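The following exercises are to be worked through with the sequence and the structure at hand. Each task is followed by a solution in steps.

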Amino acid sequence: MSQTQVIKVTKDTMKKMHVYYEKNRLNKTEPYTDFVARVGSTTITAYTSGKVVFQGPDAEKIAAKWGNSLQSKGARSSSSKTATTLPANFSQLSVLGSDEVGNGSYFGPVTVCAAYVDKMMVAKLKALGVRDSKELTDPQIIQLSTVIKELIPYRLLIVEPEKYNQIQPKYNAVHMKVALHNQAIHLLLNDIAPTKPEAILIDQFTPEANYKKYVRSEQNQVSEKLFFITKGEQYHVAVAAASIISRAAFLEELDKESKELGIKVPSGAGATSDKVAAKVLAKGGMELLSKYVKLHFANTEKAKKIAAK
């Protein structure tokens, strides 16, 4: 069963981990991370703050190698969380789920979707193949998204890079996601009123205490019947539906960017993104680049160096 473990390490330990997991590192970069690696089915995300998050069936065992868990400070294993906090027969309840896409991609927007699935629609969506978007191809995602949007109420928020770059200095990546999830959920609750979901499930991207800390500064705070769990699409089809709608919107925006620039823009934040960004810089400088990328990513400086050669 999946677990989540969080530890805090020293700079020296972080350097050792960086070397130790070199062969396991994934070719993806997220804001404020040192590296992301995978050992078996367990993902290790090391943040520049010194916190390291282990997610997967062997999280506890792998984390124990490096330090003491910070579980008591807000992060709990998702296995115990499922057992203690999700209502019985959760997958069959009427649930509002939310998920986001694009936060770790240099090009493209951040898309957040809240989707409401009445218990009478659960079986139908599953029969259509609605599941974790990571198990689906891009064409399947776009096709399924069109079908889902005809069947259930949803709210989709798209933060284009230009808007993202205006907000980002005031909102760090986590705070921005909290604000967007909260707003999408609030708008959808208004849309479906007087109907009320039996639960609201957020695909967890930060400890619950951290989410609640950031949401206090937002208007229209939603706080009732909230549940947080990683890989939320495994626990209710509402999160899977939200994930598919978010992913489809993200892909469509990337396609739009590609057509506008006349260059195929990639998702993610790897070396390909650096090279494409350098081409955009050569085409129109920082003014043009700022319309298509999240400028605070390390890719920006890398692209400048490539463009200067």
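**Exercise 1. Backbone exceptions in loops**

Is N220 buried, partly exposed or exposed? Determine also where N220 lies and what is unusual about its phi, then treat K231 and the peptide bond before P194 in the same manner.

*Solution.* The model is a predicted one.

Step 1. The relative accessible area of N220 is 40%. Buried requires under 20% and exposed requires over 50%, so N220 is partly exposed.

Step 2. N220 belongs to the loop between α8 (208-215) and β9. Its phi is positive, about 55°, although N220 is not a glycine.

Step 3. Most residues other than glycine have a negative phi, and most peptide bonds are trans.

Step 4. K231 is a further non-glycine residue with a positive phi, here about 50°. The loop between β9 and α9 holds K231. With a relative accessibility of 35%, K231 counts as partly exposed.

Step 5. The peptide bond that runs from A193 to P194 is cis, and its omega is near 10°. P194 sits in the loop between α7 and β8.

**Exercise 2. The sheet of four strands**

Establish the strand order of the sheet that contains β1, identify its edges, and describe the helix that packs on it.

*Solution.*

Step 1. The sheet is open, has 4 strands in the order β1-β4-β3-β2, and is paired antiparallel.

Step 2. β1 (3-8) and β2 (33-39) each have a single partner strand; they therefore stand at the edges, and one side of each has no neighbour in the sheet.

Step 3. On average, neighbouring strands of this sheet are turned by 15° against each other, direction ignored.

Step 4. β1 and β4 (residues 51-56) run antiparallel and are joined by 6 bridges. Within this pair, I7 is placed opposite V52 of β4.

Step 5. Helix α1 (residues 11-20) packs on the sheet and touches β2, β3 (42-47) and β4. The direction of α1 makes about 45° with that of β2.

**Exercise 3. A threonine in strand β3**

Classify T45 by accessibility and list its contacts.

*Solution.*

Step 1. T45 is part of strand β3.

Step 2. Its relative accessibility is 8%; buried means under 20%, so T45 counts as buried.

Step 3. When residues up to four places away in sequence are not counted, T45 touches T33, F35, V36, K51, V52 and V53.

**Exercise 4. The sheet of five strands**

Establish the order of the sheet that contains β5, and state how helices α7 and α9 are placed on it.

*Solution.*

Step 1. This open sheet is formed by 5 strands in the order β7-β6-β5-β8-β9, with mixed pairing.

Step 2. β7 (154-159) and β9 (226-229) have a single partner strand each, so they are edge strands with one side left without a neighbour in the sheet.

Step 3. From one strand to the next, the twist averages 15°.

Step 4. Strands β5 (residues 95-101) and β6 (residues 110-117) run antiparallel and are joined by 7 bridges. In this pair, D99 faces its opposite residue C113 in β6.

Step 5. Helix α7 lies across β5, β6, β7 and β8 (199-203), and runs at about 150° to β7. Helix α9 (residues 237-261) packs on the sheet as well, touching β5, β6, β7 and β8. The direction of α9 makes about 30° with that of β5.

**Exercise 5. Nonpolar cores**

Which residues of the largest nonpolar core touch the most other members? State also which helix supplies the largest share of this core.

*Solution.*

Step 1. The largest nonpolar core has 44 residues, and Y106, F107 and Y211 touch the most other members.

Step 2. Helix α7 (residues 173-192) gives the largest share of this core, 8 residues.

Step 3. Leaving aside neighbours within four places in sequence, Y211 is in contact with V178, H181, N182, I202, F205, T206, L226 and F228.

Step 4. Another core lies apart from this one; it has 31 residues, including L86, F90, M121 and I245.

**Exercise 6. The second largest pocket**

Describe the volume and the lining of the second largest pocket.

*Solution.*

Step 1. The space in the second largest pocket is about 260 Å³.

Step 2. The pocket is lined by 14 residues, of which I167, A179, L180, Q183 and E218 are the closest to its centre.

Step 3. At least two lining residues come from each of β7, α6 (161-167) and α7. The largest share of the lining, 5 residues, is supplied by α7.

How values were computed. Residues are numbered from 1 along each chain as its sequence is written. This is a predicted model: local features need pLDDT of at least 70, side-chain atom pairs count only at pLDDT 80 or more; totals for chains, interfaces and linings use all residues. Side-chain values use heavy atoms; hydrogens and water are left out. Two strands pair if DSSP finds at least two bridges between them. Axes are lines fitted to C-alpha atoms, for helices over the stretch in contact, and angles run from 0 to 180 degrees between N-to-C directions. Contact means heavy atoms within 4.5 Å. A nonpolar core is a set of buried Ala, Val, Leu, Ile, Met, Phe, Trp, Tyr and Cys residues joined through side-chain atoms within 4.5 Å. Buried means under 20% relative accessible area, exposed over 50%, partly exposed in between (1.4 Å probe, protein chains only). On a 1 Å grid over the protein atoms alone, a cavity is a set of points where a 1.4 Å probe fits but cannot get out, and a pocket is an open set with protein on both sides within 12 Å along at least five of seven lines; lining residues have an atom within 4 Å of a point. Grid points are joined across faces, edges and corners, and a volume is the space filled by probe spheres set on the points.
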